[in-house]
Amino acid sequence: MNYKMMGKFLSQILFLEAGLMLPALFICIAEQTKKAGAAFAASIGITVAVALALYIICRKAEKRFYAREGMVCVGICWMAMSILGCLPFFLSGEIPNYLDALFEIVSGFTTTGATILKDVEAMSDGMLYWRSFSHWLGGMGVLVFVLALSSSKEQGGGFTMHLLRAESPGPDVGKLVPKMRTTARILYMIYILLTVLNFMFLMLGDMPFFESVCTALGTAGTGGFGVKNDSIAGYSPYLQNVCTVFMLLFGINFSCYYMLLIRQVAAVLKDEEIRLYIGVVLASVTLIVLNIRGCYDTLSETIRHAFFQVASIITTTGFATTDFDLWPSFSKGILFVLMILGACAGSTGGGLKCGRALLLFKSMKRNTRRVLNPKRVEVVRLNGRMISEKVLETTNTYLVAYGVIVILSFLLVSVDGFSLTTNLSAVLACFNNIGPGFESVGPTCNFSIFSGFSKVVLIIDMLAGRLEIFPMLLLVSRSTWRHR
């Protein structure tokens, strides 16, 4: 295990985190919120000090990096970022409990959007910005951001590929272009462009500048932290529709946008994952509209709320325009399934992913045929490309790990004594990085009801869900730390 190389990379991540706190500090200075400003200044100083110490210790690291180091490095980086990133909330006193502050920032970085805050509007603008920006930073990936900015020519065992594979959502990660750093830059340029477009459309709907920035950041990262207590419910139908469209856009695999840029439109239209994603959205909206048609005054209002909540849940954003916990059981059941399914692989959304669901279905279909005809040779294909047995094995392992973690987490948080629906939806909402669940953690409630122990469980769930389980599992595996 190349500890010094991992430490050196972690120092770069922490230097970056300190720098990214500066805009929030400037907002505090402009708004003359001295306590919040002092908290950001202290947090930046502590983060820089830790990063500098790590860099000095690890500056002569060997440029040797393998898959194991990549997975472990990603897990440690996200944990370290969260431990230091929550300091502004805690030091300012706006979230006086450190564990609550940690829960909030982990929810931000993992683009979950679950909150312990009872009154979001009581927070200072600098803190609200930092919450929303944490979504944007975590959406595409913090380490991917570092790789996109980096101009160094690291060599040795696929340094960049191992990091990108460990942090990027989906069953497999490939290159858009030969160099991984160029791929990271392309992804982030598309990400920034879509975020700016989202911001512009929000401004056209007369949303205030600061609220437009925070909402665009939260939508881009499919996170769901709002700056209002009622989330998006108080905004105009136009603004709600803008959020709906962009949530769905950010739930699409970003490689598809690159394909459109190089004019390979036919390949995008034939993409099986996008077809499933769009088909599930349209089918879910249709069924929910038929089920809740008596809950609202007009058909247009019914369709608007149904489309918004389907987009919000399947992309794991977590914004809300209405209290969907009051919907009939059938509609809530559809949303429950969408919580598990999630958006496309390679998007900023969480969940199981449509691509992974397709692989599982095709693998099951193939294995069923093998039972009927053992001598039959058949491969699994996605978009006409043969999927390797290694990818299928990893996908099946992911599903098993997914089920085990959800069951264990559900049992652990059940110690608090809340209802089955509350506990299960809280675990699924955190593990799939969605935000709101049902009943006591519904869209009008928050996660402050849980004990400290349950919050720790949910924090681990959020990190495991965002990092696709394996990096977090490797951190607790003894074989990871053995010398080879």
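What is the mean pLDDT of the protein chain, and what share of its residues reach 70 or more? I looked this up before anything else: the mean is 89, and 91% of the residues reach 70 or more, pLDDT being the predictor's confidence in each residue, from 0 to 100.

I note that this is a predicted model, in which local features need pLDDT of at least 70 and side-chain atom pairs count only at pLDDT 80 or more, while totals for chains, interfaces and linings use all residues. Residues are numbered from 1 along each chain as its sequence is written, and side-chain values use heavy atoms, with hydrogens and water left out.

I then looked up where confidence varies: it is lowest in helix H9 (residues 159–167), at a mean of 55, and highest in helix H5 (residues 87–92), at 98. Helices here are DSSP runs of H or I with at least four residues, numbered from the N terminus. Over residues 154–158 pLDDT stays under 50, and the model has eleven contacts for them beyond four places in sequence, a contact being heavy atoms within 4.5 Å.

Next I looked up helix H2 (residues 22–31) and helix H7 (residues 125–140), whose axes come within 8 Å and cross at roughly 160°; axes are lines fitted to C-alpha atoms over the stretch in contact, and angles run from 0 to 180 degrees between N-to-C directions. H2 and H7 are therefore roughly antiparallel, the term for angles over 145 degrees, with under 35 counted as roughly parallel, 65 to 115 as roughly perpendicular and the rest as oblique. Pro23, Ala24, Ile27, Cys28 and Glu31 of H2 make the contact with Asp125, Gly126, Tyr129 and Trp130 of H7.

For comparison I looked up helix H20 (residues 420–431) and helix H21 (residues 452–466), which pack at about 40° with axes 7 Å apart and are therefore oblique to each other.

Last, I looked up salt bridges (a side-chain nitrogen of Lys or Arg within 4 Å of a carboxyl oxygen of Asp or Glu), and the count comes to nine. In one of them, Glu104 pairs with Arg131, the closest N and O atoms being 3.0 Å apart.

Key: Helices (H or I, at least four residues) and strands (E, at least two) are DSSP runs, numbered from the N terminus.
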